[in-house]
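This note is addressed to a colleague reading the structure for the first time. Its numbered points may be read alongside the sequence and the coordinates.

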Amino acid sequence: MTYLYKTRFGALAALILAVALPAQAAAATNLVPDPSMETKASNWLFSKWGVNNGAGAFVSDAHTGAAAGQVSIGTYTSGDVKYLSRPVAVTAGGTYSASVWYKTSVLTDLEAMPYAANGSEMSAQSQWIADAPVTSASGANCQTTYCQVSGTFTIPAGAATVRLMIPLARIGTVKTDDYNLSTGAAPGGLSEGIVSVTIDDGWSSAYTKARSILNANKIPATFFVVSSFFGDTPDYMTAAQIKTLANENGNEIGNHTTDHSDLTPLRSTTAQRKFTDAQTAIKNQIGVTPTTCAYPYGAYNSATTTEGGALNVVPIARSIFKACRSTDGGFNYPSNFAADSTLPWRVMDYNIDSTTTRAAVKQAIDQAKQFRAWLVLTYHEIGETRGGDQYSTTTSDFTYAMQYLHSSGVKVQTFGAAATTVLGQTG
Ligand SMILES: [Zn+2]
């Protein structure tokens, strides 16, 4: 039953659960105010950002009741449109279940946006809950009939409230209705929690600043490098420096493509070359062949094509690597991997930028241990701001995090080693 609950069988699974486990079904109180969107704008906030002509409206084509929320986009360059639920008070570290009924013309997903106690949006920790595809897992056409998706997620450290949403970030139309958020059972965990440290883009500070801190704390890390940046000093590491990292401390070198371009608008043969040419360059210049990747900008879905439903970069990555990291926020659980065969190539992370506090990183590490989850920390520059302030972490904050990670006693593995561990526990 647990397995069924975590997959996306929609109404059927929910019905089976309700019959088989009436006590548990009755106990789950829906925390979302006005979940069927009947009072419309008094409880549901339309939100739009970026360059697009997106619009929102309350329509009568509802799943239940008289109203559903509809967002649509006709011309698109960037950003998204969505309806946001009223903020729901939650417990940081708690596990919650969420679901929604929807009709859509393109692939989108159900997410929870966390907010700190002072009301500030924690957009870097937005939680992916479940994909909302055009064709449901059971084969239903979700353009013409309402489909349901559900999932479980963990409230990130520092969050006081969340709003549920289905953001539309491409040309298309999405209707949503009958949202649910309730406290839920924790997903199936690992035998013990694991934390992976990943450092992106091959910035020179990975060698000049992070290296000694990692080595001193015996933290093996994964460096996702961009092959055309090798030797582009002083900003980026030389091939010799990356080779030194590759051969010490149990570190891993991962593939972050040849040139860091967004893969999603590219022809599939071109996107494939961005990975395979980087594989060749890393093999020739560093002496290792990566088994993992990270998508530039975390992007694996096309935002601008109307094909819908396709995870257009995932099949390419899957043909080359054993696992790849996205920038979808969240903890990773083997039960989720068992439920969705594409998730090893969409591994979720915890993005650390210049605004991330020491306390938040500490709490994320504590949660990985407590919930026996796989936590992937994503860093960019350490102690330098060559690429701008936003994705830089101070040397003292990085030192604090690595010392805490070491002293916490939580299992630390490179991204690739951890993927192997997690995939070995999905059965
Ligand atoms: Zn990058």
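What span should the 18 residues of helix α6 (residues 268-285) have at 1.5 Å a residue, and how far apart are its end C-alpha atoms?

1. The model is a predicted one. For helix α6, a rise of 1.5 Å a residue gives an expected span of 26 Å, and the end C-alpha atoms lie 26 Å apart, so the two values agree.

2. The same helix also has a buried side. In α6, the buried residues are A271, K274, F275, A278 and I282; K274 is thus listed as buried together with A271 and F275. The elements against which the buried residues of α6 pack are the strands β13 (221-225), β14 (252-255) and β15 (292-294), together with helix α7 (314-320). Just after α6, G287 has a positive phi of about 90°.

3. On the division of the chain: domain 1 covers 2-183 and domain 2 covers 194-423. Taken over C-alpha atoms, the centres of the two domains are 28 Å apart. Their contact draws 25 residues from domain 1 and 21 residues from domain 2. On the side of domain 1 that touches domain 2, the elements giving two or more residues are β8 (127-132) and β9 (147-154). That side of domain 1 is made up, by class, of 13 nonpolar, 10 polar and 2 charged residues.

4. On the nonpolar cores: the largest has 72 residues, and the members that touch the most others are F223, C324, A368, W374 and L375. Helix α9 (residues 358-371) is the element that gives the most to this core, namely 6 residues. L375, leaving aside its neighbours within four places in sequence, is in contact with V195, F331, Y350, A364, I365 and A368. Another core lies apart from the largest one and has 45 residues, including A68, M122, A130 and V149. As background, nonpolar side chains in soluble globular proteins tend to be buried together.

5. Is L181, in strand β11 (residues 172-183), buried or exposed? L181 counts as buried because 25 C-beta neighbours lie inside 10 Å, against a cut-off of 20 or more. Setting aside neighbours within four places in sequence, the contacts of L181 are N30, L31, V32, V88, Y96, A98 and L164. For L164, which is 17 residues from L181 along the chain, the C-alpha separation is 8.1 Å.

6. Some backbone values deserve a reader's attention. As a general matter, most residues other than glycine have a negative phi, and most peptide bonds are trans. The bond joining T233 and P234 is a cis peptide bond, with omega about 5°. P234 is placed in the loop between β13 and α5 (239-246).

7. Two residues other than glycine with positive phi may be taken together. M37, with phi near 65°, lies in the loop between α3 (22-27) and β1 (45-49). K40, with phi near 55°, is likewise in the loop between α3 and β1. What is the burial of each? M37 counts as buried because it has 27 C-beta neighbours inside 10 Å, whereas K40 is partly exposed, with 15 other C-beta atoms within 10 Å.

Terms used. Residues numbered from 1 in each chain as written. Predicted model: local features only at pLDDT ≥ 70, side-chain atom pairs only at ≥ 80, totals over all residues. Domains from an automatic or database assignment. Contact = placed C-beta atoms within 7 Å. Helix = DSSP H or I, 4+ residues; strand = E, 2+ residues; numbered from the N terminus. Nonpolar A, V, L, I, M, F, W, Y, C, P; charged D, E, K, R; others polar. Buried ≥ 20, exposed ≤ 12 C-beta atoms within 10 Å, placed from the backbone. Core = buried A, V, L, I, M, F, W, Y, C linked by C-beta atoms within 7 Å. Expected span 1.5 Å × (residues − 1).
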